[in-house]
Amino acid sequence: MSAEKPVLLSVEGVTKGYPGVVANADVSFQIRQGEVHALLGENGAGKSTLVKMIYGLVKPDQGRMTWRGAAYAPPEPRVARASGVAMVFQHFSLFEALNVAENVALGMENPPPMGALAAKIRAVSDAYGLPLDPSRMVGDLSAGERQRVEIIRCLLQDPKLLIMDEPTSVLTPQEVEILFRTLRQLSAEGTAILYISHKLEEIRALCDEATILRRGRVVGTCTPRDRTAREMAEMMVGAVLTPPEKGAKTEWPQTHPALEAANLTVNSPIPFGTSLKGISFAVARGEVLGIAGVAGNGQDELLLALSGEIKSDEGMVKATGVGVGRLGPNDRRRIGFVAAPEDRLGHAAAPDMSLVENAFLTGAIRKGLTNRGFIDWAAAREFADRVIKAYDVRTPGSHVAARALSGGNLQKFVIGRELSQSPDVIVINQPTWGVDAAAAAAIRQAILDRASEGAAVVVISQDLDELLEISDNFAVLNEGRLTPPRPVQGLTMDQIGLMMGGAHGMEEVHHVS
Amino acid sequence: MDFGSINPFVLVASLMVASVPIILAAIGELVVEKAGVLNLGVEGMMIMGAICGFVTAVETSNPYLGFVGGAAGGAALSLIFAFLTQSLLANQVATGLALTLFGLGLSSLIGQSYVGIKPPLTPEVPFGPLADIPGLGVVLFQHDWVVYFSILLIAAVAWVLKKARLGLILRAVGENHEAAHALGYKVQRIRLLAILFGGAMAGMGGAYISLVRVPQWTDGITAGAGWIALAIVVFASWKPWRVLVGAYLFGGITVLQLNLQAAGSSIPVEYLSMSPYLITIVVLVIMSSGKGRALNAPAALGQNFHASR
């Protein structure tokens with residue numbers, strides 16, 4: 001159907017290299033007017049570099065682009081925007097201390113005066129069912145609302161091509177539905193959309209065409225509707241993927257659950273954080289509890305309370321029936337707890353310390369890396385090297401500072417470090433955030449392996465597919481409260497959506513026409 | 001000057017004059033910090049402005065050109081800071097401190113043959129009969145042009161930061177340089193311009209000290225005014241009009257201290273000399289005890305930006 005429409009943007013043989021890496025090699029593809037085109041690929045496949053060239057942030061070394069048949073080489077984003085290219089960034093390009101209207105104005109070439117702009121924002125946001133108050137501070141908005149700011153900023157410029165880099169990673173299923181409705185409306189009006197995501201089911205639901213990148217090259221194109229998610233994932237990775245296998249269930253003899261939270265209530269130590277309110281759950285040995293929820297609903301605090309960084313009343317956290325709420329992180333490690341927080345650089349790892357030192361920091365107790373109070377460097381190094389090898393961490397060596405690793409690699413290291421400590425209780429926040437498909441599968445497999453060896457696992461994640469794949473029980477964290485855990489088997493998406501509390505006041509505006 | 005009792009009108013008028021150098025330097029530094037750059041070299045830029053302004057005014061016998069020379073001297077020194085921190089990505093705190101020490105040394109080298117010379121007089125702006133209004137005339141209409149310029153400058157900076165697109169971009173760069181870069185703003189260029197503006201204003205403030213306040217050249221003539229300007233920016237929580245309040249407060253204490261000394265007060269002057277800094281600490285404590293972003297500091301303050309990929 002899109003075949004009859006004229007070509008909007010054509011990219012021919014574009015190559016871009018950085019010292020030591022080729023980000024894009026001889027990449028060619030076309031986007032037609034009104035087409036929703038997916039760009040698929042693992043982390044580091046060159047998707048972001050490619051769209052940055054289209055948006056004028058990066059200049060290609062070779063190759064050319066044409067826009068509506070004419071040569072197109074934007075030297076800076078201003079020129080790209082003037083041609084009709086707009087972009088919603090993966091990490092929002094918003095300014096927290098400025099209000100919505102000011103944020104929108106910063107992304108426009110010739111913004112009207114603030115009063116007129118505010119009126120325009122209201123008009124456009126109503127037309128696309130994305131309500132937004134122009135005078136609110138962006139710092140006070142939810143992730144979904146922030147994304148609206150970005151989208152409306154783009155829409156005000158009447159774009160011909162809208163680039164979206166991983167737009168749904170922070171949204172609830174209902175918010176995703178609203179976003180897709182907006183995108184379909186735009187597509188019907190003739191705006192082409194270049195959609196980057198690794199959520200293959202979303203791409204199947206939304207996109208007309210897909211171009212698949214691997215290590216900077218185009219390795220295939222397909223029509224997502226006609227393929228399964230599995231087929232597309234294998235094209236991305238270039239290998240056959242095996243879904244994680246749950247080990248045979250062992251019935252562990254036990255009188256008490258390995259980990260139990262009983263009416264866990266603590267105040268958040270984080271500014272603007274969410275306090276935990278009466279959280280109760282129990283995880284038996286060999287069991288995986290998946291906890292979903294939109295970021296900022298108490299995930300960080302729950303991890304802190306379980307790892308021992310926030311102390312609670314003695315009986316609020318129990319390990320095999322014994323209250324451990326008053327114990328700090330090291331005391332909890334001693335009895336078999338390990339925890340991997342979400343913030344890798346700064347919380348899970350000390351950025352300027354080497355991998356050996358970082359391995360020592362959490363592994364010292366369970367791996368016995370000290371000798372009469374002194375650090376046993378040889379043992380620490382050996383432990384770090386073992387983690388690097390077992391979890392395929394790509395680094396020149398264990399002497400490298402944590403900061404120097406890419407996000408995905410550091411994530412593999414941090415998770416590997418915790419899982420290698422033969423734990424009894426594992427608490428992980430966002431285990432595969434920013435990790436590519438193959439590595440994510442490996443991490444999930446490792447978590448399941450630990451579970452089948454008898455560990456009790458709590459996985460906090462915003463990736464529902466991931467949770468449904470590895471969890472035995474499923475619960476949702478919402479404004480610091482946890483829904484009662486339910487078995488994953490037989491749970492439908494609608495039920496999950498309801499557990500997540502609908503769309504968090506993100507209902508569409510139903511305007512009377 | 002009345003010795004027994006201090007004339008309040010004269011006191012106000014002289015505090016307005018006393019606070020001009022720190023108003024100029026502080027409003028310049030405010031713009032710099034709003035762009036996300038922490039330049040601790042204000043003292044160095046001020047004293048460079050003081051000597052360059054003095055030399056220019058003496059050589060040309062033109063007090064107005066003296067202020068232009070002072071601004072140029074301050075801006076020239078700030079260019080070194082801009083090059084080191086924006087191009088070479090040097091640490092801003094260390095570079096700023098080095099700038100101050102360098103400026104103090106270089107200024108006394110330049111100033112060696114200018115000690116003991118009188119600069120040309122900077123005249124009052126003639127307001128005619130207005131200047132003769134009792135009380136009010138002394139306070140409002142018997143000043144030189146720089147006093148009025150400094151207040152207009154605050155109004156201009158306040159307006160630009162709040163209303164103009166230029167100010168919006170400046171705040172955006174200071175708030176989140178990554179996002180500003182992603183939107184296509186030239187972070188380093190904008191910061192460079194802000195640093196030059198800050199340098200020029202500090203230099204002009206310095207020139208005011210050597211041409212009007214003192215008026216002659218001696219080594220270390222700025223005597224810590226640059227540090228006070230830095231404190232005022234924080235004290236004002238990065239809001240232009242509060243800079244005026246802060247500068248008058250600090251300037252007022254300086255004047256009061258001189259007057260009290262002259263009046264033979266029994267309070268040791270040291271208490272008054274340290275009070276501005278004590279007040280700054282107290283204000284900081286009060287402001288930071290509130291929740292959230294009460295301090296209002298630009299989020300990217302002091303962080304260097306390098307566009308990667």
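Which domains does the domain assignment give for chain A? Domain 1 covers 2-237, and domain 2 is made of 286-306 + 328-499. Those bounds come from an automatic or database domain assignment. The C-alpha centres of the two domains of chain A lie 32 Å apart.

Quick housekeeping before I go on. This is a predicted model, where local features need pLDDT of at least 70, side-chain atom pairs count only at pLDDT 80 or more, and totals for chains, interfaces and linings use all residues. Residues are numbered from 1 along each chain as its sequence is written, chains are lettered from A and ligands numbered from 1 in the order in which they are written, and side-chain values use heavy atoms, with hydrogens and water left out.

Okay, chain B. It has 13 helices and 0 strands, so to read the elements from the N terminus on, you just say alpha thirteen times: α-α-α-α-α-α-α-α-α-α-α-α-α. Helices here are DSSP runs of H or I with at least four residues, strands are runs of E with at least two, and both are numbered from the N terminus.

How does the radius of gyration of chain B sit with that of a compact globule? With 309 residues, such a globule would come out near 19 Å, and chain B has 20 Å, which agrees. The radius is taken over C-alpha atoms, and the globule rule is 2.2 Å times the number of residues to the power 0.38. Along its principal axes, the C-alpha trace of chain B spans about 65 × 50 × 40 Å.

Of the 309 residues in chain B, 52% count as buried. Buried is under 20% relative accessible area, exposed is over 50%, and partly exposed is in between, with a 1.4 Å probe and protein chains only. Take the contacts in chain B with a separation of 6 or more: residues 24 or more positions apart account for 77% of them. A contact means heavy atoms within 4.5 Å. Chain B exposes about 13,300 Å², and carbon and sulfur atoms supply 70% of that. The areas are Shrake-Rupley values with a 1.4 Å probe, and for residues only the protein chains shown count as cover.

One backbone detail in chain B: Ser61(B) has a phi near 55°, a positive value in a residue other than glycine. Ser61(B) lies in the loop between helix 3 (42-60) and helix 4 (63-87) of chain B, and it is exposed at 53% relative accessible area. Chain A has a case too, in Arg68(A), with a positive phi of about 50° although it is not a glycine. Arg68(A) lies in the loop between strand 4 (62-67) and strand 5 (70-72) of chain A and counts as partly exposed, at 47% relative accessibility.

Now some sheet pairing in chain A. There's an open sheet of 4 strands in the order 12-11-14-15, with antiparallel pairing. Its edge strands are strand 12 (276-283) and strand 15 (322-323), each pairing on one side only. Two strands pair if DSSP finds at least two bridges between them. Strand 11 (residues 259-266) and strand 14 (residues 317-319) of chain A pair in the antiparallel sense over 3 bridges, and Glu260(A) has Lys318(A) in strand 14 as its bridge partner.

Elsewhere in chain A, strand 16 (residues 337-340) runs parallel to strand 19 (residues 425-429), and 4 bridges join them. Ala340(A) stands opposite Ile428(A) of strand 19. In a regular strand the side chains alternate between the two faces of the sheet. Here, Phe337(A) and Ala339(A) point one way from strand 16, Val338(A) and Ala340(A) point the other way, and all are buried.

Why is helix 9 of chain A, residues 299-307, said to be largely enclosed? Because 8 of its 9 residues are buried, including Leu302(A), Leu303(A), Leu304(A) and Leu306(A), and also Gln299(A) and Glu301(A). Just after helix 9, Gly308(A) takes a positive phi of about 105°.

Then there's Val400(A), in the loop between helix 12 (377-390) and helix 13 (407-419) of chain A. Is Val400(A) buried or exposed? Buried, with a relative accessible area of 12%. Leaving aside neighbours within four places in sequence, Val400(A) is in contact with Met353(A), Ser354(A), Leu355(A), Thr395(A) and Leu405(A).

Last topic, cysteines. How many disulfides does a search of the whole structure find? It finds 0 over all chains, where a disulfide is a pair of cysteine sulfur atoms within 2.5 Å. Cys154(A) can't bond because its closest cysteine sulfur, in Cys207(A), is 17 Å away, which is too far. Cys154(A) counts as buried, at 3% relative accessibility. Cys222(A) is in no disulfide either, and its nearest cysteine sulfur, that of Cys207(A), is 9.7 Å away. Cys222(A) counts as buried too, at 5% relative accessibility.
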